[in-house]
Amino acid sequence: MPWIGKVQVLPEPFPNKGPLSWHPRLPMLATRGNEHDVIVHDLRECRETGTAPTPVVLCNEYQRGVRSVAWRPCAGKQIAVACNTGVCLWKFGKAPIPGFPGFAQVKEDPEAAWMVFIDLDNPASTLSWSPDGKHLAVAHECSTVLQIWDVSTRAASPVKASHKDRVLMLRWSPCGKYLWTGCCNGVFYIWDTFTWTHKKWSNPQANILDASWGPDGRAVVVCFYGRIPAVAVYLSGRSGALVAHVLPVEMPGLAEETGTSPRTCLVEAVAWDATGERLVAVMGRDHSRAGEIAIYSAKAAPVLNLSLIGFLKPQAKRLSPASERSALEFLQHSSSGSLVAHGFGGTLDVFPLIFSS
């Protein structure tokens with residue numbers, strides 16, 4: 001059973017308005033602040049001083065209209081930012097000798113971080129790193145093109161067999177073998193990243209809201225705005241085969257909420273932790289606990305089985321427009337606990353969860 005720690009409310013006036021990304025190894029959280037800013041909160045300051053962390057604001061004239069953020073794996077402290085002008089790659093620390101194209105620094109503290117701007121000839125609204133940090137998948141919600149950027153060459157190229165559907169979100173699997181892409185009208189793809197072949201699924205009476213991979217990369221949970229709130233895709237077979245099975249996910253606490261309407265939002269965000277033993281989900285606007293976060297114990301062999309542990313209640317008030325949705329991210333902080341970040345309507349909460357045997 002878990003012990004649910006005290007809510008850590010990060011300070012105003014740096015509201016979160018969408019994307020969240022935890023550093024792969026450190027309790028550092030990157031969010032979008034104002035329209036053109038990225039805010040980085042180092043929660044190690046909380047542990048050392050007992051006070052809320054002083055955020056670092058990443059902003060530059062190249063960075064306009066921030067849409068998504070993602071820490072680069074296996075690369076120290078680097079953040080990729082998708083924005084309306086392209087992709088900004090920030091690195092913390094003192095910059096090398098400036099002068100190459102796209103070079104920029106944090107104006108308030110030039111030694112805090114520096115940035116290289118990557119012009120992709122198109123806006124970027126979503127991105128996802130390969131687990132080795134060598135490649136970055138980039139797409140835009142108004143385009144059907146999926147681009148893969150090679151970090152070593154600073155070159156991006158479109159996938160040969162690209163989508164026929166506009167891309168809303170990207171999720172690279174932890175094993176690196178697969179890339180999940182969520183599209184409009186309930187369509188999603190899974191790509192084999194060695195052959196760049198794909199398989200397509202469609203749920204025409206639903207819209208995709210979020211997705212999260214299991215830690216071994218053999219299953220991904222997808223949640224919908226529709227009659228079926230969540231499904232899991234189970235992958236098997238050798239690379240290139242893309243043998244998969246799609247099954248509904250039974251989520252305790254939802255059965256009594258299911259109505260007859262085909263357009264029902266019961267789950268709006270989901271996150272699966274790095275051990276595979278816990279899953280959290282934000283209850284959607286049509287649930288009686290709208291905005292609360294359900295904590296589940298998870299077992300994924302042979303199919304995902306969830307047991308409800310309890311609910312977390314974020315501080316955000318559900319007064320924002322119906323089109324706004326929660327952002328949810330898990331950080332596996334240690335073998336006995338996790339940090340869960342939740343953002344909605346200008347409020348950012350961090351919940352420490354400590355699990356004892």
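Leaving aside its neighbours within four places in sequence, which residues is asparagine 185 in contact with? The first close-up takes up that question, and the others follow in turn.

**Figure 1. Asparagine 185 and its contacts in the predicted model.** Welcome to a predicted model. Here we look at asparagine 185, which sits in the loop between strand 17 (178-183) and strand 18 (187-192). Once neighbours within four places in sequence are set aside, its contacts are Ser202, Asn203, Pro204, Ala206 and Asn207. The C-alpha atoms of asparagine 185 and proline 204 are separated by 5.6 Å, although the two residues are 19 residues apart along the chain. Asparagine 185 has a relative accessible area of 54%, so it counts as exposed.

**Figure 2. The hairpin of strand 18 and strand 19.** Follow the chain onward from the loop of asparagine 185 and you arrive at strand 18 (187-192). Strand 18 and strand 19 run antiparallel and are joined by five bridges. To find your place in the ladder, look for isoleucine 190, which stands opposite lysine 199 in strand 19. Five residues lie between the strands of this hairpin, where tryptophan 196 takes a positive phi near 55 degrees.

**Figure 3. A salt bridge between lysine 200 and aspartate 165.** Strand 19 (residues 198-202) also holds lysine 200. Its salt bridge with aspartate 165 has the closest N and O atoms 3.4 Å apart. This pair links distant parts of the chain, since aspartate 165 belongs to the loop between strand 15 (155-158) and strand 16 (167-172), 35 residues apart from lysine 200. What is the relative accessibility of each partner? Lysine 200 has 43% and therefore counts as partly exposed, whereas aspartate 165 has 15% and counts as buried.

**Figure 4. Glutamate 141 and arginine 67, another salt bridge.** In this view the closest N and O atoms of glutamate 141 and arginine 67 are 3.0 Å apart. Distant parts of the chain are linked here too: arginine 67 lies in strand 7 (residues 66-71), and glutamate 141 lies in the loop between strand 13 (135-139) and strand 14 (147-150), 74 residues apart. Glutamate 141 is partly exposed at 25% relative accessibility, and arginine 67 is partly exposed with a relative accessible area of 28%.

**Figure 5. Arginine 278 in a network of salt bridges.** Arginine 278 forms a salt bridge with aspartate 273, and their closest N and O atoms are 3.3 Å apart. Arginine 278 and aspartate 273 are buried. Through salt bridges that share partners, Asp273, Glu277 and Arg278 are joined into one network. For the protein, the count of salt bridges comes to seven.

**Figure 6. The open sheet of four strands.** The strands of this open sheet come in the order 3-4-5-6, and their pairing is antiparallel. Which strands stand at the edges? They are strand 3 (20-22) and strand 6 (56-58); each has a single partner strand, so one side of each is left without a neighbour in the sheet. From one strand to the next the twist averages 20 degrees. Three bridges pair strand 5 (residues 38-42) with strand 6 in the antiparallel sense. A handy landmark is valine 38, which stands opposite leucine 58 in strand 6.

**Figure 7. The largest nonpolar core.** This core has 24 residues, of which Met251, Leu279, Tyr296, Leu304 and Leu306 touch the most other members. Strand 21 (219-225), strand 22 (230-236), strand 24 (267-272), strand 25 (278-283) and strand 26 (293-299) are the elements that give two or more residues to it. Strand 21 contributes the largest share, four residues. A second, separate core has 18 residues, including Ala211, Trp213, Val231 and Leu242. Back at leucine 304, and leaving aside neighbours within four places in sequence, the contacts are Val221, Tyr234, Val249, Trp272, Leu279, Ala298 and Lys299.

**Figure 8. The protein overall, and a note on residues 1-17.** The protein has one helix and 30 strands, and buried residues make up 54% of its 357 residues. Among contacts between residues at least 6 apart in sequence, 46% join residues at least 24 apart. The average pLDDT is 81, with 79% of the residues scoring at least 70. Over residues 1-17 the pLDDT is below 50, and this stretch has 51 contacts in the model beyond near neighbours in sequence. Where pLDDT is low, please do not read the predicted coordinates in detail.

Technical notes. Residues numbered from 1 in each chain as written. Predicted model: local features only at pLDDT ≥ 70, side-chain atom pairs only at ≥ 80, totals over all residues. Heavy atoms only, no water. pLDDT = per-residue confidence, 0-100. Contact = heavy atoms within 4.5 Å. Salt bridge = Lys/Arg side-chain N within 4 Å of Asp/Glu carboxyl O. Buried < 20%, exposed > 50% of the residue type's maximum accessible area, 1.4 Å probe, protein only. Pairing = 2+ DSSP bridges. Axes fitted to C-alpha atoms, helices over the stretch in contact; angles between N-to-C directions. Core = buried A, V, L, I, M, F, W, Y, C linked by side-chain atoms within 4.5 Å.
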